[in-house]
Amino acid sequence: MTGTIERSLDELYAQDPERADAVVFGRRTEVSRRGFLNGAGLAAMGAAVGGSIPFSAHMPAGLIPAALAQSPTGSGAASANATGGPKPFSFPGKDPGLSVLGERPLVAETPEHLLDDETTPTAKFYIRNNGQIPEPASNPDSWKIKIDGEVNSPLDLTLGELKQRFPNRTYRMVLECGGNGRSFFQPQARGNQWTNGGAGCAEWTGVPLAEVLKAAGLKDTAKYTAHYGADPHLSGDPSKEALSRGMPIPKAMEEHGLIVWAMNGEPLPNIHGGPVRLVIPGWPGSLSHKWLTRVWIRDREHDGQGMTGTSYRVAIRPMVPGSKADDSNFRILESMPVRGIITNPANGTRLPAGTRTIALRGAAWDGEHGVARVDVSNDFGATWTQTQLTPPKNRYDWSRWVASVELPVDGYYELWVRATDTQGRMQPHIAPGWNPQGYGGNPMHRIAVLVG
Ligand SMILES: Nc1nc2c(c(=O)[nH]1)N[C@H]1C(S)=C(S)[C@@H](COP(=O)(O)O)O[C@H]1N2
Ligand SMILES: [Mo]
């Protein structure tokens, strides 16, 4: 690539795909890609991606080849940092393959190929903090949680009492950051540049929040929850919350919303909010408060840290990408959109010459309706093959899928996956509904493989 690119490759493709092709593949700007791909340009693109492109005729103009758009590890480093590559992660108990998106606060995502387990091991589970990481609790069972506000009998419970007094439940459920997929927005949206790895699916053990709220007795005036935790604000200012989000009472009364103390059968690690956190599946991960100390029941929508402005909100009427936001045009992001990922092989995998079939594996999930089907394509979306889905263990679990795809000759292929929910909503080709903080980015996942 030339040294004269001031804009990122993604930006350039969004603004001027013809010129982007010229920069990447060294062709003349006035030639259309169609012509380019039939001529010397096709050879140039083949050279750039490392092999001839059997299905080049189906390749949409202005498409950044997956081999160039994402790093070979699948961690999705955008071209802007293609030279640096992802930093290895170093944190006790965590897989070095996680990609660090931020160090203060600590944020790390799981590359798609590390989400290949049926149940995401704790070592591979993504991390998202807004504030500082508190010290581990020395005596977990004496940790205190308060339930107060619009209730008949406020509760002050220790974790030990909570475990004893309420029914214990274990569910395998997806936890997903509200900003997952943010890096796919053009122009770039504000915040951590997640690819698809701000999500994981673990076994969570705890007691239903609904049972605890019933024990406290909700008043007729109870409208909304407000969550508080022990993590200090990044600035250290004790009058500020690192995060304080909440949800309408009907969501809080669902049976799968848990106050959790165990993850994958082990005591909840400190980095994941131990000794005790909320897990509120289907809606943005920011509702799943870590280091939980208080659930305040309010008579109105909560207005804590992360509830106002454009935080965790999406545009009601579509806005011009990159334009200034009018706060009155936003609604709170609730149910997460449908998303499918290929977890095996990894992006950038090279297969021996002569390989004619490839087995694909992956996962798909959505906010609350369930996944109806998942399809894969090896020819830039010209044809699709339906995958075989394993049904979820329980509501809010993900669906694992498998498929087999034919590769007619050696060369460069892109494998695309698209999931469809039970409402008929399918993943789009590009991140839909641009908004300043980049929520709801669920374009199809694609990986590059090279045969030969
Ligand atoms: N107390 C507290 N809880 C929190 C956060 C936080 O910063 N502080 N981050 C939230 C966000 S934005 C997400 S996506 C999830 C991430 O959970 P994890 O780090 O266990 O993956 O925790 C949520 N709970
Ligand atoms: Mo998040």
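The backbone nitrogen of histidine 369 sits 2.9 Å from a polar atom of the aspartate 366 side chain, and the backbone nitrogen of glycine 370 gets a similar partner, with a polar atom of that aspartate side chain 2.8 Å away. Keep in mind that this is a predicted model. Below is a quick tour: that aspartate, then a serine in strand E18, then the salt bridges and the nonpolar cores.

**Aspartate 366, a buried acid**
- You'll find aspartate 366 in the loop that links strand E17 (357-365) and strand E18 (371-377).
- What does this buried aspartate have for a charged partner? No salt bridge turns up, and the nearest side chain of opposite charge belongs to arginine 425, 5.4 Å away.
- A salt bridge needs a nitrogen-to-oxygen approach within 4 Å, so arginine 425 at 5.4 Å doesn't make the cut.
- What the side chain does have is the backbone: the nitrogens of histidine 369 and glycine 370 both lie by its polar atoms.
- Beyond its sequence neighbours (up to four places away), aspartate 366 touches Met336, Pro337, Val338, Val371 and Asp421.

**Serine 377, in strand E18**
- Serine 377 belongs to strand E18 and is buried, with just 2% relative accessible area.
- Its side chain works in two directions: serine 377 reaches the backbone nitrogen of glycine 381 at 2.9 Å and the backbone oxygen of threonine 383 at 2.8 Å.
- Leaving out residues within four places in sequence, serine 377 is in contact with Ala382, Thr383, Trp384, Glu414, Leu415 and Trp416.

**Salt bridges**
- The count comes to 19 salt bridges.
- Which residues does aspartate 375 pair with? One is arginine 373, at 2.7 Å from N to O, and another is arginine 418, where the closest N and O atoms are 3.9 Å apart.
- Aspartate 375 sits in strand E18 and arginine 418 in strand E22, so this pair ties together parts 43 residues apart in sequence.
- Buried or exposed? Aspartate 375 is buried at 2% relative accessible area, arginine 418 is buried at 16%, and arginine 373 is partly exposed at 33%.
- Elsewhere, Asp116, Arg361 and Arg400 are joined into one network by salt bridges that share partners.
- Lysine 214 and glutamate 211 make a salt bridge of their own, with the closest N and O atoms 3.4 Å apart.
- Those two are three residues apart in helix H7 (residues 209-216), so about one helical turn separates them.
- Lysine 214 is exposed at 52% relative accessible area, while glutamate 211 is partly exposed at 29%.

**Nonpolar cores**
- As a rule of thumb, nonpolar side chains in soluble globular proteins tend to be buried together.
- Here the largest nonpolar core has 33 residues, and Ile358, Trp401 and Leu415 are the ones that touch the most other members.
- Where do its residues come from? The elements giving two or more are helix H4 (40-49), E17, E18, strand E21 (399-406), strand E22 (411-421) and strand E23 (445-451).
- E22 supplies the largest share of this core, six residues.
- The core draws at least three residues from each of domain 1 (9-69) and domain 3 (339-451).
- There's also a second, separate core of 30 residues, which includes Ala262, Trp291, Val295 and Ile297.
- Leu415 appears twice in this briefing: in the largest core and among the contacts of serine 377.

Methods
Residues numbered from 1 in each chain as written. Chains lettered and ligands numbered in written order. Predicted model: local features only at pLDDT ≥ 70, side-chain atom pairs only at ≥ 80, totals over all residues. Heavy atoms only, no water. Helix = DSSP H or I, 4+ residues; strand = E, 2+ residues; numbered from the N terminus. Buried < 20%, exposed > 50% of the residue type's maximum accessible area, 1.4 Å probe, protein only. Lys, Arg positive; Asp, Glu negative; His and termini not counted. Polar contact = N/O pair within 3.5 Å; in protein donor to acceptor, adjacent residues only side chain to side chain. Contact = heavy atoms within 4.5 Å. Core = buried A, V, L, I, M, F, W, Y, C linked by side-chain atoms within 4.5 Å. Domains from an automatic or database assignment.
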